[in-house]
Amino acid sequence: QQTEMIAAAPTSSGATGPAPIWSSSELSALAVLMEGTFNEAQTAKKWDRPSFVGLSASVIHGLNAQCEGLMRELFELKKEQQVWREGGAVAVDAVLSSTDLATPAQSDPVDTQQNDESEPAAKKQKVGECIEATDVHDAIKAEEERCRLTRGVAESPVILKHIASFLDPPSMCRCLCVSKHWISLNVFQNQETWLGLCVQRFGATAVRKWEGDEDDDEETNESSISPSMDLYCRMAEKNVKPYCSLEGSVILGGSSLDGLVGGWVSLVERSNGETSRSVLLSQIHEGVTQTFYTPIPVVELRILVQNTGYSNGSIFIPDQHFSVDASTRRKGEKMLEVSSDGRFKRRVLHIEKKSSQIEPTFQRKSFGSQEMCHLRMFESAVLSVHLHARGCSTTSKFCHRAKKIQILVSVNGTTRPLVIPFNTMTGQR
């Protein structure tokens with residue numbers, strides 16, 4: 001009744017609306033309601049506030065009625081689809097059997113001849129429709145079976161735990177955002193899995209030390225769902241340095257590049273604290289190259305670089321010239337690398353490989369001979385660099401003057417600088 005009233009009611013202004021969208025023979029109840037609402041909206045007078053308010057209310061009622069009608073049609077379509085899925089195969093067999101058993105009725109010879117001519121075409125059309133319906137039904141069944149198997153895999157804690165053993169920490173956190181069901185399975189926040197990630201990145205020594213500090217804070221452990229995951233997050237936030245037996249005795253500083261690459265610099269200090277070393281130098285005198293040894297202040301830095309968060313392949317450390325910034329407010333100064341003597345040439349001392357990881361497939365940019373090393377997830381390398389510490393007769397003077405060092409690292413084909421500032425006043429030993 002509401003549909004008929006809205007369709008038959010004139011517009012609020014009394015003017016005739018635009019031409020109808022559908023012809024009168026094709027209008028259904030819902031189409032009539034849409035047509036009436038459309039006509040009312042077209043004749044709205046925004047400058048006449050009283051009539052516009054009443055017209056707006058009428059349009060809103062019409063739109064609500066349209067939504068209800070569309071929802072009813074959608075419900076009927078879903079109901080028909082469900083009935084068709086349940087009895088689709090039976091209906092196809094019934095149509096095929098009725099097509100085979102059907103016989104033309106008795107009629108005049110002329111009509112019988114026309115029916116005989118049209119019967120093969122009609123029969124072929126019905127058979128084609130039945131075959132098409134059968135294919136659609138089989139496709140729906142196959143899709144339902146695939147979804148059922150997928151749900152079985154996604155709901156299996158054993159399979160999910162095996163998958164989690166190959167994931168990196170960012171991927172583990174993304175899996176926790178998939179569904180509440182995955183959270184309830186306690187797979188991606190499992191204690192053993194996250195503890196293994198902590199050991200792989202920071203080493204067992206650092207993890208034991210931080211776990212000892214956590215035992216003192218009992219309130220944090222009681223309120224945490226996964227203490228190992230919280231431990232990893234806190235250690236990653238502080239950029240904890242993994243244990244390395246090749247580092248120097250004086251820790252100068254550390255830094256991180258967007259959580260993807262971590263770098264730490266240490267100084268190798270001699271027993272007497274002096275920096276004087278005999279270095280081979282060369283000079284050109286009257287067109288002749290002469291080589292000789294002379295004492296100059298030289299310090300050795302050990303640079304520890306680790307892939308801390310890039311899991312889509314490897315990071316690359318290209319071959320480069322290192323230097324330490326020793327600038328002051330009055331002038332800029334750099335301590336350059338010793339390159340004239342082969343004994344002090346930069347080199348890679350050690351690369352800590354993670355053999356338990358599977359080598360990912362990726363397209364990497366090859367540096368050839370210009371590449372010092374490449375590191376996969378949680379792998380680390382130690383670089384040895386000798387610098388000409390101009391004006392620094394002892395290592396303490398070098399620590400006081402040195403400000404920072406810059407390392408070039410290639411991540412995902414892009415070379416980016418990793419700047420490591422030095423804690424010159426509070427060097428750790």
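Phe 422 counts as buried, because its relative accessibility is 9%. This residue sits in the segment after strand 12. The model behind this report is predicted.

**Around Phe 422**

Which residues does Phe 422 contact, leaving aside its neighbours within four places in sequence? They are Leu 252, Val 265, Val 324, Ala 402, Lys 403, Lys 404 and Ile 405. Trp 264 is 158 residues from Phe 422 in sequence. In space, the C-alpha atoms of Phe 422 and Trp 264 are 9.6 Å apart.

Val 419 belongs to strand 12. Is Val 419 buried, exposed or partly exposed? Val 419 is partly exposed, because its relative accessible area is 34%. Not counting residues up to four places away in sequence, Val 419 touches Ser 255, Lys 404, Ile 405 and Gln 406. Lys 404 and Ile 405 are also among the contacts of Phe 422. Gly 254 lies 165 residues from Val 419 in sequence. From C-alpha to C-alpha, Val 419 and Gly 254 are 8.8 Å apart.

**Overall picture**

The protein has 429 residues, and 33% of them are buried. Its secondary structure holds 12 helices and 12 strands. Consider the contacts between residues at least 6 apart in sequence. Of these, 68% join residues at least 24 apart.

**Confidence**

Average pLDDT for the protein is 78. A score of at least 70 is reached by 72% of the residues. Two stretches with low values deserve a mention. Over residues 1-27, pLDDT stays under 50. The model has 27 contacts beyond four places in sequence for residues 1-27. Residues 356-368 also stay under 50. For residues 356-368 the model has 19 contacts beyond four places in sequence. Where pLDDT is low, predicted coordinates should not be read in detail.

**The cavity**

How many cavities of 30 Å³ or more does the structure hold? It holds one. The largest cavity contains about 50 Å³ of space. Its lining is made by Lys 241, Cys 244, Leu 246, Glu 247, Ile 251, Trp 264, Val 265, Ser 266, Arg 302, Leu 304 and Val 382. Two or more lining residues come from each of strand 2 (261-268) and strand 4 (288-307). Strand 2 gives the largest share, three residues. By type, the lining divides into seven nonpolar, one polar and three charged residues.

Two of the lining residues have already appeared above. Val 265 lines the cavity, and Val 265 is in contact with Phe 422. Trp 264 is in the lining too, and its C-alpha is 9.6 Å from that of Phe 422.

**Helix 11**

Helix 11 covers residues 227-237. Which of its residues are buried? Ser 228, Met 229, Leu 231, Tyr 232 and Met 235 are. These buried residues lie on the same side of helix 11, because they cover an arc of only 155 degrees around the axis. Just after helix 11 comes Asn 239, with a positive phi of about 55 degrees.

**Positive phi in two loops**

Asp 258 is a residue other than glycine, yet its phi is positive, near 55 degrees. Asn 412 is not a glycine either, and its phi is also positive, at about 55 degrees. The table sets out where these two residues sit and how accessible they are.

| Residue | Loop | Relative accessibility |
|---|---|---|
| Asp 258 | between strand 1 (250-257) and strand 2 | 57%, exposed |
| Asn 412 | between strand 11 (404-411) and strand 12 (414-421) | 59%, exposed |

Why do they count as exposed? Exposed means over 50% relative accessible area. Asp 258 stands at 57%, so it counts as exposed. Asn 412 stands at 59%, so it counts as exposed.

**A buried charge in a loop**

Glu 333 is found in the loop between strand 6 (323-325) and strand 7 (334-336). Is Glu 333 buried or exposed? Glu 333 counts as buried, because its relative accessibility is 16%. Leaving aside neighbours within four places in sequence, Glu 333 is in contact with Val 324, Asp 325, Ala 326, Ser 327, Arg 390 and Arg 401. Val 324 is in contact with Phe 422 as well.

Notes
Residues numbered from 1 in each chain as written. Predicted model: local features only at pLDDT ≥ 70, side-chain atom pairs only at ≥ 80, totals over all residues. Heavy atoms only, no water. 1 Å grid on protein atoms, 1.4 Å probe; cavity = no way out; pocket = protein on both sides within 12 Å on 5 of 7 lines; lining within 4 Å. Points joined across faces, edges and corners; volume = space filled by probe spheres on them. Helix = DSSP H or I, 4+ residues; strand = E, 2+ residues; numbered from the N terminus. Nonpolar A, V, L, I, M, F, W, Y, C, P; charged D, E, K, R; others polar. pLDDT = per-residue confidence, 0-100. Contact = heavy atoms within 4.5 Å. Buried < 20%, exposed > 50% of the residue type's maximum accessible area, 1.4 Å probe, protein only. Arc of directions from axis to C-beta.
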